[in-house]
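Me: Please take a close look at one helix in this model and at what surrounds it. Then place it among the sheets and the core.

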Amino acid sequence: MVGTGRKLRIALVGVGFGAEFAPIYKAHPNVEWVALSDTNPEKLAAAGGRFGIERSYPSFEAILSDDQVDAVHLVTPIPLHAEQAVRVLEAGKHCACTVPMATSLEDIRRIIDAQRRSGKNYMMMETAAYTREFLMVEEHYKRGEFGTISFARGSHMQDMEGWPEYWMGLPPHHYMTHAIAPVLKLLGKRVKKVHCFGSGLLPQERQKRYGNPYPVETAIFRLDDSPVAVEVTRSLFQTVRPYTEAFSIYGDKLGFEWQQIEEEDPMIFSMPQAAFSRGRKIHHEMVVPPDRQDLLPPEVAPFTKRSVFSDGKHLSFVQGGGHSGSHPHLVHEFVSSMVEGRKPAIDAITAANWTAPGIAAHLSAMRDGEAVEVPDFEMELDSVP
Ligand SMILES: NC(=O)c1ccc[n+]([C@@H]2O[C@H](COP(=O)([O-])OP(=O)(O)OC[C@H]3O[C@@H](n4cnc5c(N)ncnc54)[C@H](O)[C@@H]3O)[C@@H](O)[C@H]2O)c1
């Protein structure tokens, strides 16, 4: 797209949670049109009507064979992500995909390979990397205000009872990128190895689909080239707690802790007088993270605010609190990367580094906490002739 001056043509596949992205693409100044696609014709028609989008595709194949389409954004069920991403890239189109990138290391490698061979962009649309909270913490971190980081923690707890069938019995850490991505992005590190334990016990019937006995998994990750360890807990069933998709990080000068419940605001901890004395005072302050519309083109900036989105009824949206203003940032980064002919911020290797730790963690849980190494995908790629 670089230098051609042509705007992008986008196909958005899956209009459940995915519908939330439709009006953002429609409004983006570098997008000519966005078309919708979904195997459920009623949902497709409803989304088209709701956002005034007439263009649609009757099937995934119709999108892949249409030369007009520059990029495909996948927001389909988890078991489809890897196969569809590979097919989009092999069709010579850029691909954005909701989390998780994949649920096996083999599929992660297939996507990295397809991206490399196609030369097209792959971006994992990780909402947790663009929340107001993350963008605020990133500013503090860049200014060195945390001092030396000593520990971080992530947590994603959500009751998935009654959600679509593919969620039933899913290994909890197969969908945990929201809890670890902010920490890895902030520190610029990847996970080297993990120890993880499963917790609780799913009913036999629910264990059948994925062979996973656990409603909850809790892991401790050792980072590569860093003294920091990261603890992540993920629950899907049998754990009564309101939704949370949180990270916390602590240095020797500043600490950040995600809000207890979504309706609250996060905490910043600080120690103004860093005297080394017994019982020294640590201050706490509840802060309202600023809305970063300043990072976005004016046409899509208002989409950081909940009220701008549709009717906000989709559970993924409501329970995620609109994912804290992240959606227009994701769309803008994906579109800009294509327009500028550069890698997106969450490219295939970064997506792999944020997804594989959860896959390794589940393997560890199935081996009663045995250490499991996480592959270095960048090094593997460097060794490809
Ligand atoms: N914060 C986040 O990043 C976040 C939040 C919610 C969901 N998600 C991800 O988004 C995805 C979708 O979530 P959801 O809650 O809307 O799921 P869902 O299962 O409720 O809806 C998926 C939609 O895709 C459609 N679909 C199914 N198969 C299809 C196919 N082959 N081609 C085209 N459309 C197809 C379905 O008809 C449905 O409309 C999930 O994979 C989930 O992992 C991410």
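Reply: What follows starts with helix H4 and moves outward to the sheets and the core. The model is predicted.

Start with the helix itself. H4 spans residues 81-90. It is mostly covered, with 7 of its 10 residues buried. The buried ones are His81, Ala82, Gln84, Ala85, Val86, Val88 and Leu89. An α-helix has 3.6 residues a turn, so residues three or four places apart point the same way. After the helix comes Gly92, whose phi is positive, near 80°.

Now the cover. The buried residues of H4 are covered by elements that include helix H3 (60-64), E4, E5, H5 and E6. H4 lies across three strands: E4, strand E5 (94-97) and E6. Its direction runs at about 160° to that of E5.

One of the covering elements is helix H5, residues 105-118, which holds Asp113. Is Asp113 buried, exposed or partly exposed? Asp113 is partly exposed, because 16 other C-beta atoms lie within 10 Å, and a residue counts as buried at 20 or more and as exposed at 12 or fewer. Asp113 also gives a distance to H4. Its C-alpha atom is separated by 8.7 Å from that of Val86. The two residues are 27 apart along the chain. Val86 itself is among the buried residues of H4.

Next, the sheet beneath these contacts. It is open and has 6 strands, in the order E3-E2-E1-E4-E5-E6, with parallel pairing. Its edges are strand E3 (56-57) and strand E6 (122-124), each pairing on one side only. So which strands does H4 lie across? E4, E5 and the edge strand E6. On the other side of E4 in the order stands E1. Strand E1 (residues 8-13) runs parallel to strand E4 (residues 71-74), and 4 bridges join them. Within this pair, Val13 stands opposite Leu74.

Then the core. In soluble globular proteins, nonpolar side chains tend to be buried together. Here the largest nonpolar core has 107 residues. Leu12, Ala22, Ala85, Cys95 and Ile111 touch the most other members. Ala85 comes from H4. Ala22 touches Leu12, Val34, Leu36, Ala47, Phe51 and Ile53, leaving aside residues up to four places away in sequence.

The core also leads to another part of the chain. Its largest share, 10 residues, comes from helix H11 (residues 348-366).

That helix belongs with a further sheet. This one is open too, with 9 strands in the order E14-E13-E12-E11-E7-E10-E9-E8-E15 and mixed pairing. Strand E14 (283-286) and strand E15 (372-373) are the edges, and each pairs on one side only. H11 packs on this sheet and touches E8, E9 and E15. The direction of H11 makes about 50° with that of E8.

The pairings show the mix. Strand E8 (residues 191-199) and strand E9 (residues 216-223) run antiparallel, joined by 8 bridges. Gly198 has Glu217 in E9 as its bridge partner. Strand E7 (residues 149-157) is antiparallel to strand E11 (residues 244-251), again with 8 bridges. There, Gly154 stands opposite Phe247. With strand E10 (residues 229-235), E7 pairs in the parallel sense over 7 bridges. Ala152 stands opposite Val230 in E10.

Note on methods: Residues are numbered from 1 along each chain as its sequence is written. This is a predicted model: local features need pLDDT of at least 70, side-chain atom pairs count only at pLDDT 80 or more; totals for chains, interfaces and linings use all residues. Helices (H or I, at least four residues) and strands (E, at least two) are DSSP runs, numbered from the N terminus. Two strands pair if DSSP finds at least two bridges between them. Two residues are in contact if their C-beta atoms, placed from the backbone, lie within 7 Å. Axes are lines fitted to C-alpha atoms, for helices over the stretch in contact, and angles run from 0 to 180 degrees between N-to-C directions. A nonpolar core is a set of buried Ala, Val, Leu, Ile, Met, Phe, Trp, Tyr and Cys residues joined through C-beta atoms within 7 Å.
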